[in-house]
Amino acid sequence: MTNYIYAYTHAGNAKRWTRPTGQRGDCWIKVGQTERPGITRIKEDLNTAFPGLDGVDVLLHPEIAERVDGSRFSDHDVHRVLRNAGVSQVAGEWFEATLDEVHAAIVSLQKAVPFNPVRIQKFEPRPEQEKAVDQTAAYFRKHHGDQPAPKYLWNAKMRFGKTFTTYQLAREMGWTKVLVLTYKPAVRSAWRDDLLGHVDFIDWRYIDRETPTAAADGIVNSGDPFVWFASFQDVTGRDPEGRPKPRNETLHIVVWDCIVIDEFHFGAGTATARELYDPQDKVDIAYAKLMAKALDQSNDNEADVVEVDFGLITRFHLHLSGTPFKAITNGEYAEDQVFNWTYIDEQREKRKCETVGSDNPYAELPRMEMFTYSIGEAAGEWADDGEFDGFDLNTYFRAKQVGGDYVFDHPDHVASFLDLVRGKKQISSSIIEGNKPPFPYEATRFKNAVRHSVWYMPDVAACEAMADLLRSDTFFSTYEIYVAAGTGAKIGAAALEPLQRAIKRAETQGKSGSIALSCGKLMTGVTVPEWSSIFMLRSLKAPESYFQAAFRVQSPWKDKEVIKKETAYIFEFDPNRALSLVALYGTEIANNSGDRATTQREVLGELINFLPIFAIDGGQMEQLDTDAILDWAHGGISANSLARKWRSVDLYNLNGVTMGRLLQDEALIAELEQIEDFRNIREEAEKVVTASNQLGDVKRAGGSNTDQKKPKKELAQRRKSIREKLKKVSAKVLIFMYVTDFREERLQHVIESLDTDLFLRATGLSLEGFRKLTDAGVFNVGQMTDAIQKFRYFEKKSLEAVQ
């Protein structure tokens, strides 16, 4: 029979204790063993001594008492480890111990590692984590020694386990010096806790800005493997002489095995950041040449031209992001440089494990549901000529400071919104008795979801105004209202603790729950397990920003092995905006899937299997299918708005990076120069690169707005000139799509067209040249695909109307 170790306490042994070190505890803990697995069996065993289990608290889920070599151990072995660690055995199997100490004693026997009450995690990598490690390691080994240093991207949603998996990759690669950089210092605790808390990384050391300089230098010189965590804000800081801060000088001396960029989509692509972590980037070499030419400082030695005094040196780059769509569509990574793990992948595996009845490592990851609500008549007041893009949540919830108070510009609208979420707003009389649609603070199904929620507001003023309104409301004043915005909420990782205290007050003081009001703080890089719903009350235009915030509430919430959050909810109040972003999200996933045959419709079909979407309007609720989502997303498209879409600046990426890539392709430049509109493309692209560099230099030097004015003006003029030429190409692509027999749904379908002669005749550009422009990132793949889909939708509806 298998032995299991368990631990419990009861009210009679809630005896406080204090050690000579000053450490305190609230109770004695009994450590025993059983041959009956499962917490229910433990309770059955204990029921004899404690009828009804009055006062009993089972602290530790039964752990298998087996060593790595397969031999067994008993509770007496656990007792011995505790005693040897200085833990007092006060009576029989009772100890003055913490739960972590008991857990550490068991882990030390299971894994043959030293007793460490901090390092008690021992979970194994999930299959997708192993796959990420294997693929990345294979790529790095294949490209070891390449210049510039090879880079790899993990396009992995929140809860993938990026920190743990990165450390597993470090073990696989044999790295000993890893630098983690981010613009979101709030992620620090995750990097620290996984390294210091898991038995797999027992020999590793950790450094961050809290580590004294002498101690950090000692770790670097010790020969032990280590991870150094730092924020870009801190590392890019310079003293008046332009030197790094003293505590960061060592960073620039170490030859790193890998530089990891966490939350890569936040600022890591800026010139300042790239100069720091990737000074030898090929595009930067092109920039430097052009800069030297522009300043008449020609230098044939590329190494001298691109030298950055305090750049970092590394053998490999690993970039981590849950929403890196722009970086991918801009062509920064080849297909074999990306590992993808989406919400769909995660929920697909979760369902598969549920179906076969195996152990489910995904069980604690909640599924998501979206409920969209039309705010009502107020929304119509904001509409513009029948186009749905007229309504704007930022305007609806706009607020300002008046004296010492914050007030909404439209208080009646906000009051109407609060009535709506409570189900108190006057709704259609056509509701069938008993079939009233669910509202967040009224329906029983949402009771647990709204106990702890986050409301995503437009700005600090809106957060403060909403807090005042909620605290003065009879119903909402029963909730703990916390403003996670402004300087009073602290910054970075320090912003989490006040929120945790607010949630604890709600739990211990008998309140209805908590409502956190944020306009961006705590929306990335932190985990708040108790959050089970998000109210989207601000206008976001990019799917990256929207879903980065939405997936905040998908964090697992467990208490003593009991899953407390099966489903997390998105409450949305601008349906057209939300469903347009869902459609665009489907487009981005299809574009990044690696399967060029995958369409937006197929992705959306699978997405809504795992993230069902319900629309509430006029007192009726409808679960949306793929066609309904596309109807909502594109339903406001008129001929005028479609034309605006195809003339939009969003279709093009005209910056120093894309123009640098363009200039590196002599064959493409030569072809473009044969087209009348593009005779001067080389000169114009060079001027964009030069102006971009000049603007970056002025900004890094702390130049004023006046100093920036000249390069900004030059950059804007050159971009506009190139953009107007590209608009003509886009218009001709539209003509090609109209006359060709194939019904394109993605930009990739246009690029892969077999009718190369027709494309050349229609556009004046070869299909290969168009593909190169797309690969260089000049055309925005996501936005172009969205424009193509809107055109097809409009075309389809127009044909249906005449039939």
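R505 is partly exposed, with a relative accessible area of 31%. R505 forms a salt bridge with E480, and the closest N and O atoms are 2.9 Å apart. The model is predicted. A search of the whole structure finds 45 salt bridges. This briefing covers some of them, then one sheet and a helix that lies across four strands.

**Salt bridge E480–R505**
- E480 lies in strand β19 and R505 in helix α18 (residues 496-508), so the bridge ties together parts 25 residues apart in sequence.
- E480 has a relative accessible area of 9% and is buried.
- R505, at 31%, is partly exposed.
- The E480 end sits at the border of a sheet: β19 (479-484) is an edge strand and pairs on one side only.

**Salt bridge K162–D262**
- The side chains of K162 and D262 meet at 2.8 Å, N to O.
- K162 belongs to helix α5 (residues 162-173) and D262 to strand β12 (residues 255-262).
- The two residues are 100 residues apart, and the pair links distant parts of the chain.
- D262 counts as buried because its relative accessibility is 0%, under the 20% limit.
- K162 is partly exposed because its relative accessible area is 25%, between the 20% and 50% limits.

**Salt bridge D665–K772**
- D665 and K772 form a salt bridge, with the closest N and O atoms 3.5 Å apart.
- D665 is in the loop between α24 (656-664) and α25 (666-672).
- K772 is in helix α30 (residues 767-775), 107 residues from D665, so this pair too links distant parts of the chain.
- K772 counts as partly exposed at 22% relative accessibility.

**A network**
- R67, D77 and R80 are joined into one network by salt bridges that share partners.

**The eight-stranded sheet**
- Eight strands form an open sheet with mixed pairing.
- Their order is β19-β20-β18-β21-β24-β15-β25-β26.
- The edge strands are β19 (479-484) and β26 (620-623).
- Neighbouring strands are turned by 20 degrees against each other on average, direction ignored.

**Inside the sheet: β15 and β25**
- Strand β15 (residues 367-373) runs parallel to strand β25 (residues 613-617).
- Four bridges join these two strands.
- F371 stands opposite F614 in β25.

**Helix α19 across the sheet**
- Helix α19 (residues 543-550) lies across β15, β18 (452-456), β21 (533-536) and β24 (567-572).
- The helix runs at about 145 degrees to β21.

Key: Residues numbered from 1 in each chain as written. Predicted model: local features only at pLDDT ≥ 70, side-chain atom pairs only at ≥ 80, totals over all residues. Heavy atoms only, no water. Pairing = 2+ DSSP bridges. Axes fitted to C-alpha atoms, helices over the stretch in contact; angles between N-to-C directions. Contact = heavy atoms within 4.5 Å. Salt bridge = Lys/Arg side-chain N within 4 Å of Asp/Glu carboxyl O. Buried < 20%, exposed > 50% of the residue type's maximum accessible area, 1.4 Å probe, protein only.
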